[in-house]
2 protein chains.
Amino acid sequence: MKYKAATIKDIAQALGLSTSTVSRALRDSHEISAATKQLVLDHAAQLNYHPNPIALSLKEKKSRSIGVIVSEIANSFFSQTINGIESVANEKGYTVIISQSHESFEKEVRTLQYLASRSIDGLLISVSSATKDLLPLKALHQYGFPIVFFDRIVEEIATHQVRVDNFQGAYNATTHLLQQGYKRVGCITNSAHLSITRERVAGYVAALDKAGIRLPASLVKYCFHGGMLQEEVADAVQELLQEKKRPDAIFATSDKLTTGCMRALKKAKMAIPEDMGLTGFSNSDLIELLHAPITVVRQPAFEMGQVATELLLQLIESKRPVKDFETKVLQTSLITPS
Amino acid sequence: MKYKAATIKDIAQALGLSTSTVSRALRDSHEISAATKQLVLDHAAQLNYHPNPIALSLKEKKSRSIGVIVSEIANSFFSQTINGIESVANEKGYTVIISQSHESFEKEVRTLQYLASRSIDGLLISVSSATKDLLPLKALHQYGFPIVFFDRIVEEIATHQVRVDNFQGAYNATTHLLQQGYKRVGCITNSAHLSITRERVAGYVAALDKAGIRLPASLVKYCFHGGMLQEEVADAVQELLQEKKRPDAIFATSDKLTTGCMRALKKAKMAIPEDMGLTGFSNSDLIELLHAPITVVRQPAFEMGQVATELLLQLIESKRPVKDFETKVLQTSLITPS
DNA sequence: TTTATTTACGCAATCGTTCCCGGAAAAATC
DNA sequence: GATTTTTCCGGGAACGATTGCGTAAATAAA
């Protein structure tokens with residue numbers, strides 16, 4: 001069953017006016033008399049008239065909707081980011097269409113095409129951990145399609161970017177572990193070609209360097225699926241535990257990896273922080289309730305969503321092609337258990 | 001900057017055909033010659049032509065998109081449900097537009113109007129804990145707008161509903177606490193007018209009854225904001241602790257309430273399960289990592305999303321008004337720490 | 001050869017809205 | 001009283017696609 005919404009035509013007919021007059025009256029045009037305007041407005045209210053956004057989209061050639069692609073919404077960081085995105089977008093009258101890549105490149109590409117075909121006006125994306133081929137994104141971008149990267153950046157594509165100071169966050173976390181007295185800090189991280197992976201691992205290495213600690217590269221374990229598969233993390237932890245000189249602490253570079261490590265360590269009956277130190281990136285609000293009181297690097301997720309959306313809308317509403325792109329870098333904070 | 005997508009007109013012009021011929025060729029109509037079809041198809045591929053969904057929506061009077069309103073996506077239960085919704089909707093070619101009420105009635109109404117004005121074809125909703133006035137929803141429903149309720153049901157509106165066996169889930173959880181030896185089980189629950197609140201409290205009471213335990217109604221504390229405000233939960237816990245005959249265990253009826261209780265008990269330096277037993281509804285995947293190994297009632301969230309979406313699409317695609325409405329009841333499971 | 005039937009395509013309306021253009025009536029100016 | 005200027009409104013095209021109807025040419029039947 002379909003319910004029929006009132007149209008401008010209905011109002012016109014009922015009042016014996018033309019559609020153009022009604023349209024103008026509703027938009028408060030100066031060339032419509034006050035009396036007619038009132039008449040139209042009253043009748044519109046009575047019919048509960050709302051302009052059909054689809055018809056508008058067709059005419060204006062824009063849908064006033066933006067797409068968001070994240071790996072998973074069931075992830076504190078991303079759901080918080082989305083809240084930030086929504087807050088800005090809705091205020092400006094934009095609809096947000098959220099899609100998940102589930103860390104799969106194929107799903108990401110499909111989603112990309114889908115969103116593009118649904119005529120969204122712009123895209124906010126944090127690429128999947130499996131994304132190595134940038135062609136689909138580049139194609140869209142070269143078409144002049146507005147894109148803003150957040151969190152997981154793609155440097156090869158020239159557009160606005162919003163991220164945190166991943167290097168510093170990782171540096172701080174690693175330094176924190178060292179200050180706790182740990183000597184051999186291993187690292188469990190995401191897919192190697194992600195920007196956040198490179199930056200965070202660099203921060204981790206820099207902190208070790210600064211402390212005069214040199215560790216084998218084998219202490220850095222990459223999880224291609226970014227923790228989506230629990231066993232991938234478990235394997236990585238196991239590998240660390242089986243290193244000839246076993247690490248005494250682990251730095252995990254993402255939400256899923258941090259909790260994944262905890263899970264794996266628990267399974268291996270390794271106590272945190274006694275048997276193994278652990279710290280990592282996480283925006284979960286349950287951290288303080290975990291069985292081991294770990295220190296985490298928290299990202300300003302909500303703010304990141306807001307900033308990214310503002311940049312995107314700016315891009316969308318710009319009259320001429322934007323050539324000057326910004327890279328906003330937000331700061332992380334180290335949260336220690338109270 | 002705008003990128004211009006190819007239209008049917010572009011193809012027609014380039015090939016010296018009419019738009020109708022091109023349209024029919026693309027839709028593989030029998031009244032177009034094979035030669036012309038091939039010509040059109042080739043050229044369409046070359047121009048990377050994709051039908052404009054907005055133009056189609058305008059003509060077909062449907063947008064092939066559905067709206068979802070939940071209180072919060074940063075909630076394991078809802079994000080899992082959304083995954084289920086997405087899986088079914090996308091497969092059927094529908095876009096999912098997610099909105100959050102943040103447990104605010106005003107936000108819910110605004111969102112409702114917004115979604116309705118964005119011409120979605122149907123709505124999946126789990127009402128906010130603050131929803132007492134059903135007029136906006138009823139208005140939409142009486143208009144013939146397809147709505148399916150999930151999780152938090154509104155019985156007064158006759159349509160499809162999907163929920164879990166809340167009574168049984170609550171009954172099992174409470175019974176579990178009693179079997180552990182707890183005698184005075186308090187309850188921290190959601191806003192009193194929510195369906196899930198009524199059903200879960202009823203299950204809780206029934207379990208006590210069955211065990212021959214009669215407790216004062218003051219042991220049931222209602223949180224109007226459903227745990228959105230941490231202090232609301234903290235206050236409720238405090239009130240329980242200050243009862244003249246203090247309870248020795250708490251049954252919490254939702255995700256946020258369960259973790260909220262844990263947080264409050266931790267603050268009050270009450271050990272779980274020694275000083276106070278705790279169990280509750282939760283779909284968080286971090287439960288097993290919490291400092292206290294609590295038993296939780298888990299809902300089949302993903303499945304719930306799938307079922308609800310199937311019902312909604314069925315409603316949307318039905319030729320005539322549907323009069324027979326289904327109420328699907330799924331089963332919960334009690335997860336005890338290993 | 002004439003008529004009937006296909007085949008293969010074009011014309012134009014439609015969806016709801018905006019906006020350019022043109023024009024009648026009223027008001028202002030001379 | 002005649003002209004110019006406003007004021008106010010309607011006609012119709014446009015956005016991109018679909019579709020009922022009409023029709024020329026090609027083919028088949030008579």
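## The nonpolar cores

In this predicted model, the largest nonpolar core takes in 86 residues, and A:Tyr204 and B:Tyr204 make the most contacts inside it. Apart from that one lies another core, this time of 56 residues, including A:Ile82, A:Val164, B:Val88 and B:Met304. As background, nonpolar side chains in soluble globular proteins tend to be buried together.

What does A:Tyr204 touch, once its neighbours within four places in sequence are left aside? In chain A, the contacts run through A:Ala170, A:Tyr171 and A:Thr174, then A:Val185, A:Gly186 and A:Cys187. A:Leu215, A:Leu219, A:Val220 and A:Phe251 round out the list.

## Around DNA strand D

Now for the DNA. DNA strand D is surrounded by 28 residues, with A:Thr21, A:Arg24, A:Thr36, B:Ile8 and B:Ser23 the closest. Of the strand's atoms that come within 4 Å of the protein, 60% belong to sugar and phosphate. Sorted by type, the residues of this surface come out as 8 nonpolar, 11 polar and 9 charged.

## Polar contacts and the helices behind them

Which residue puts a polar side-chain atom 2.7 Å from a base oxygen of DNA strand D? That's A:Arg24. Phosphate oxygens get their share too: one sits 2.5 Å from a side-chain N or O atom of A:Thr36, and a phosphate oxygen is 2.7 Å from a side-chain N or O atom of B:Ser23.

As for the elements giving two or more residues to the surface near DNA strand D, chain A supplies helix H2 (19-26) and helix H4 (53-60). Chain B supplies helix H1 (8-15), helix H2 (19-26) and helix H4 (53-60).

Note on methods. Residues are numbered from 1 along each chain as its sequence is written. Chains are lettered from A and ligands numbered from 1 in the order in which they are written. This is a predicted model: local features need pLDDT of at least 70, side-chain atom pairs count only at pLDDT 80 or more; totals for chains, interfaces and linings use all residues. Side-chain values use heavy atoms; hydrogens and water are left out. A residue is near a molecule or strand if one of its heavy atoms lies within 4 Å of it. A polar contact is a pair of N or O atoms within 3.5 Å; within protein, one must be able to donate a hydrogen and the other to accept it, and residues adjacent in sequence count only if both atoms are side-chain atoms. Helices (H or I, at least four residues) and strands (E, at least two) are DSSP runs, numbered from the N terminus. Ala, Val, Leu, Ile, Met, Phe, Trp, Tyr, Cys and Pro count as nonpolar, Asp, Glu, Lys and Arg as charged, and the others, Gly among them, as polar. A nonpolar core is a set of buried Ala, Val, Leu, Ile, Met, Phe, Trp, Tyr and Cys residues joined through side-chain atoms within 4.5 Å. Buried means under 20% relative accessible area, exposed over 50%, partly exposed in between (1.4 Å probe, protein chains only). Contact means heavy atoms within 4.5 Å.
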